[in-house]
Amino acid sequence: MADSDLSVRLLKVPAFRQALELITLWTTAAQFPLLSKATHVFARPPADTNYLLTCASVLALSDDAACQDAALRVAHYVLAQPESTEIQRAGAVVVLDELTNTPTLRLAEDRELVGRDTIARLPLPLRLDALQRAARYSELDADGVTVRRVNRFQKEVFEAEREAEWLSISAPTSAGKTYAILQLVRAFVASRTHSVVVFIVPTRALIQQMEGDLRSVLGNLPGVLVSSVPQLPNEWRNRRMVFVFTQERFHLLQSEAPAEFTPDIVVVDEAQKVGDGARGVLLQDVLDAVIRRSPRVRVIFASPMTSNAELLLEDAPVGTTTQTIASEQIAVNQNLLWVSQTGYDTRDWTLSQCIGESTIELGQLTLPSRPTTVGKRLPMLAHNLTDADGGGSLVYVEGAAAAEKAAQLLWDMQGRPNGEVDPEVQALIDLTKNVIHGKYALAETLTRRVAFHYGNMPLIIRAEVERLFKSGKIRFLVCTSTLVEGVNLPAKSIFVRGPTKGRNTPMGEMDFWNLAGRAGRLGKEFQGNVVCVDPEDEHVWKSRPPRIRQRYPITRTVDTVVSQRGDELLKYIEDDTPRSAYDPAPLEHAFVYFYGEHLRHGSLDASPKAARYSAAFINRLTGLCARVFARSELPADIVFRNPGVSPIAQQRLLEYFREKGSEVEELIPAFPEDPAAAQRYVRVVGRISTYLSGDHQRLNWPHAILVVNWMRGHPLARIISEAADYWVPRGKTLAAVIRDTMRDVEEYARFRFAKYSSCYVDVLRYHLRELGEANRAAEIPRLSMWLEFGASQGTQIALMGLGLSRTTAIRLSEIIAADDLDMDAASNWISAAKLDTLDLSPVMLAEIQRARVVAA
């Protein structure tokens with residue numbers, strides 16, 4: 001505590017603050033060669049390096065974020081100055097070592113700013129201190145052989161895991177949460193002959209990333225299954241398994257799995273998403289379910305910079321040991337920059353840096369051309385503020401169409417490339433044309449090292465874009481809100497202009513700082529930049545960009561609905577949960593969540609969760625739940641299997657089925673290969689729209705065609721081509737058809753129809769059993785799995801379970817005779833395949849090779 005108090009006091013000393021401000025401005029401005037530096041700032045005398053190093057050596061010992069940030073800036077400044085002496089550079093190394101920032105120290109060594117033996121040549125007292133830190137902040141890797149240096153935050157996580165069964169970890173994006181958690185999981189799996197670990201991630205985009213990380217960490221452990229397919233393999237009771245799911249996939253597995261399936265560890269990444277609308281309610285629901293299934297389960301929550309991470313531990317079973325770790329570990333300096341138009345000439349701009357509450361001009365920038373439309377301002381500034389030899393830049397925009405347009409502008413500004421396109425980039429271009437469409441914009445923008453990235457793009461394309469950006473072969477990447485969902489895609493600079501999350505919804509401060517956390521590549525850069533364009537334009541930024549990073553509270557969606565829309569929720573239930581009059585998503589999910597508690601405890605007011613809310617609200621809601629229960633004839637397990645679908649709507653669907661009497665043939669969904677499947681699904685989609693989803697009936701036919709072709713395993717390019725044949729003659733642009741088709745696949749086929757068709761099938765099976773048709777009920781296709789993965793063959797789904805994308809899995813299935821391979825058989829086929837004889841894209845071959853290594 002004394003060291004911390006001294007550090008905080010030191011940070012307030014005027015002489016040090018002035019010197020720190022000066023070096024911050026210098027090191028920031030040095031990144032922008034086109035900037036005309038502000039003379040009133042850079043005419044100041046240089047700072048006293050020895051004084052700065054003395055202060056930094058004290059600040060580096062603090063756990064306070066501002067102190068660590070200041071110490072890191074001093075170390076960077078000293079290493080960046082050519083005139084720094086060898087002794088001063090050694091001082092900077094000591095500061096980095098005190099910060100336990102090994103990646104940045106290795107970066108300095110790689111750039112030959114210091115020698116690799118600097119610590120070994122320190123004076124004895126400093127060398128002994130460094131040896132003590134090396135011993136204190138080292139951990140034996142889960143492989144039992146390698147000793148790795150960890151930072152202070154990671155050490156705290158390792159120590160807490162030895163004591164607590166439930167952990168809630170909150171730290172900045174670059175603090176190293178994922179590394180620590182992966183090592184903990186590896187150690188656990190390695191110590192068991194059979195185990196079940198489940199990672200819950202917020203989006204499908206994150207599944208592939210986390211699955212790849214796990215395969216890498218667990219790769220040399222024999223017999224470990226890593227899968228994102230929600231089905232249990234053969235002999236699962238005697239296997240070591242690690243699953244990576246969204247909450248939807250985990251719910252699907254828990255709904256189907258036998259009672260003895262009891263996870264040992266559940267890791268919830270981006271755990272603040274428990275407050276993310278309807279999907280936040282589902283996340284809460286699946287966590288409650290796993291606790292009921294496995295009361296001794298160990299749970300690790302990970303969230304970025306939250307003020308109440310302990311909230312996530314409130315549902316731990318009685319007697320469970322819990323611990324919260326809230327760290328401010330700084331790994332990379334991040335600069336918050338504002339760029340604003342100067343005067344009336346739209347080519348003239350001022351770049352300023354925000355330091356605390358101050359905004360200090362760094363210099364002037366003149367664009368070579370006028371940004372004659374609003375849409376040109378962001379990409380033009382990103383282009384002119386990105387150093388040709390520096391790290392890549394992320395440009396954040398709203399929506400897929402805006403991403404494509406911004407990428408095309410950046411492509412145009414690059415000019416013709418001097419040489420041939422990089423072979424790996426060319427392979428992605430060829431794959432894009434084959435997988436999506438020959439005229440998809442990405443195939444063109446890639447020719448000049450520009451790409452775009454949004455959630456509806458096929459996995460194999462999106463993953464390769466990310467890989468090439470990280471490797472430096474893509475210079476500009478235009479992205480959307482997928483980046484906020486936790487995708488690990490760091491960059492030298494991030495450019496934003498009035499960022500939104502969802503249509504016309506201003507991005508909140510927590511998401512802004514989560515996005516900003518991608519600025520600065522740990523181990524690749526000393527600093528990163530968050531560049532806000534037009535920050536003082538109130539029409540662009542509904543409120544000015546956040547200036548001071550702070551912690552933000554986690555709020556469960558259920559709690560938010562009660563506190564902000566409680567009366568609306570009660571009215572929604574009183575009105576029998578209408579399908580279209582309300583914005584139903586969070587209300588419907590919250591209602592079903594509370595109704596589930598009512599069913600489990602006999603009455604909602606008997607649920608332990610009821611104590612979180614006012615007695616008056618719970619009394620009214622209990623009465624409404626009792627009224628619904630009295631009218632509902634469906635068993636509780638159907639309600640539990642379908643969170644987010646009103647039990648009132650489910651009852652109405654059952655009544656419709658009963659009205660049909662014994663004429664049930666047309667009610668049963670067809671297998672996708674049935675020649676009459678499209679006609680059958682038009683009627684199924686219509687019933688779902690009427691009784692469950694509230695979708696517009698005019699979409700029944702295109703939606704039916706989409707889901708049938710998707711389940712048939714048709715390549716996306718074929719689905720897009722057929723859609724273009726229909727829509728382009730009717731006035732829709734090809735680019736819009738491509739985007740809309742990919743959106744409909746992700747949002748309708750894989751999410752909305754999957755959700756409601758699952759409920760439809762459950763209610764229909766119940767009705768058939770009522771009629772004594774149990775055999776016919778058992779024969780109804782398992783649509784949820786087929787819709788989630790876009791395939792109905794067991795072989796195709798098994799291949800995806802091994803980590804292959806849908807694109808590669810379907811292509812491989814075309815040369816595999818059996819259509820019912822399980823994951824073990826599919827793994828054996830991959831291991832024996834002669835890859836050099838397969839006529840596949842290099843990207844697909846690389847994907848198969850990664851799966852092959854794991855299979856071996």
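Colleague: Let's start inside the sheet. Which residue in β16 is the bridge partner of V395?

Modeller: Keep in mind that this is a predicted model. Strands β14 and β16 pair in the parallel sense, over four bridges. β14 covers residues 393-396 and β16 covers 476-479. Within β16, the partner of V395 is V478.

Colleague: And which residue in β16 does A451 stand opposite?

Modeller: Here we look at β15, which spans 450-453. β15 also pairs with β16 in the parallel sense, over four bridges. Opposite A451 you will find L477.

Colleague: Are the faces of β16 covered or uncovered?

Modeller: Take each side in turn. F476 and V478 on one side are buried. On the other side L477 and C479 are buried, and "buried" here means under 20% relative accessible area. Both faces of β16 are therefore covered.

Colleague: Which strands are the edge strands of the open sheet?

Modeller: Read along the order, which is β1-β13-β12-β11-β18-β17-β14-β16-β15, with mixed pairing among the nine strands. An edge strand pairs on one side only. That description fits β1 (36-37) and β15 (450-453).

Colleague: What is the bridge partner of N333 in β18?

Modeller: N333 belongs to β11, residues 333-341, and β18 covers residues 527-533. The two strands run parallel and are joined by seven bridges. In β18, N333 is partnered by Q527.

Colleague: Which helix lies across β11 and β18?

Modeller: Look for a helix that covers residues 65-80. Its direction is at about 85° to β11. This is helix α5.

Colleague: At what angle to β15 does helix α15 run?

Modeller: Helix α15 is made of residues 400-414. It lies across β14, β15 and β16. Relative to β15, it runs at about 170°.

Colleague: How many of the 12 residues of α18 are buried?

Modeller: Helix α18 covers residues 459-470 and reaches 16 Å from its first C-alpha to its last, close to the 16 Å expected. Its buried residues include I460, I461, V465, L468 and F469, and also R462 and E464. The helix is mostly covered, and the number of buried residues is nine.

Colleague: Which residue with a positive phi follows α18?

Modeller: Helix α18 takes in residues 459-470, so to speak our landmark. After the helix comes a residue whose phi is near 90°. That residue is G472.

Colleague: Which helix gives the largest share of the largest nonpolar core?

Modeller: This core has 221 residues, and those with the most contacts inside it are F199, F452, I461, Y681 and Y760. F199, for example, touches residues including I181, L214, F243 and V267. Another core, of 36 residues, lies apart from the largest one and has L52 and V74 among its members. The largest share of the 221-residue core, 15 residues, comes from helix α28.

Colleague: Why can we say the protein is as compact as a globular protein of its length?

Modeller: The protein has 34 helices and 18 strands. For 856 residues the globule rule gives 29 Å, and the protein comes close to this, so it is as compact as a globular protein of that length. The radius of gyration behind this is 28 Å.

Colleague: What percentage of the residues of the protein count as buried?

Modeller: The C-alpha atoms fill a box of roughly 90 × 65 × 60 Å along the principal axes. Residues 24 or more positions apart account for 70% of the contacts with a separation of 6 or more. Of the 856 residues, the share that counts as buried is 59%.

Methods. Residues numbered from 1 in each chain as written. Predicted model: local features only at pLDDT ≥ 70, side-chain atom pairs only at ≥ 80, totals over all residues. Heavy atoms only, no water. Core = buried A, V, L, I, M, F, W, Y, C linked by side-chain atoms within 4.5 Å. Buried < 20%, exposed > 50% of the residue type's maximum accessible area, 1.4 Å probe, protein only. Contact = heavy atoms within 4.5 Å. Pairing = 2+ DSSP bridges. Axes fitted to C-alpha atoms, helices over the stretch in contact; angles between N-to-C directions. Expected span 1.5 Å × (residues − 1). Rg over C-alpha atoms; globule rule 2.2 N^0.38 Å. Lists of a residue's contacts leave out its neighbours within four places in sequence.
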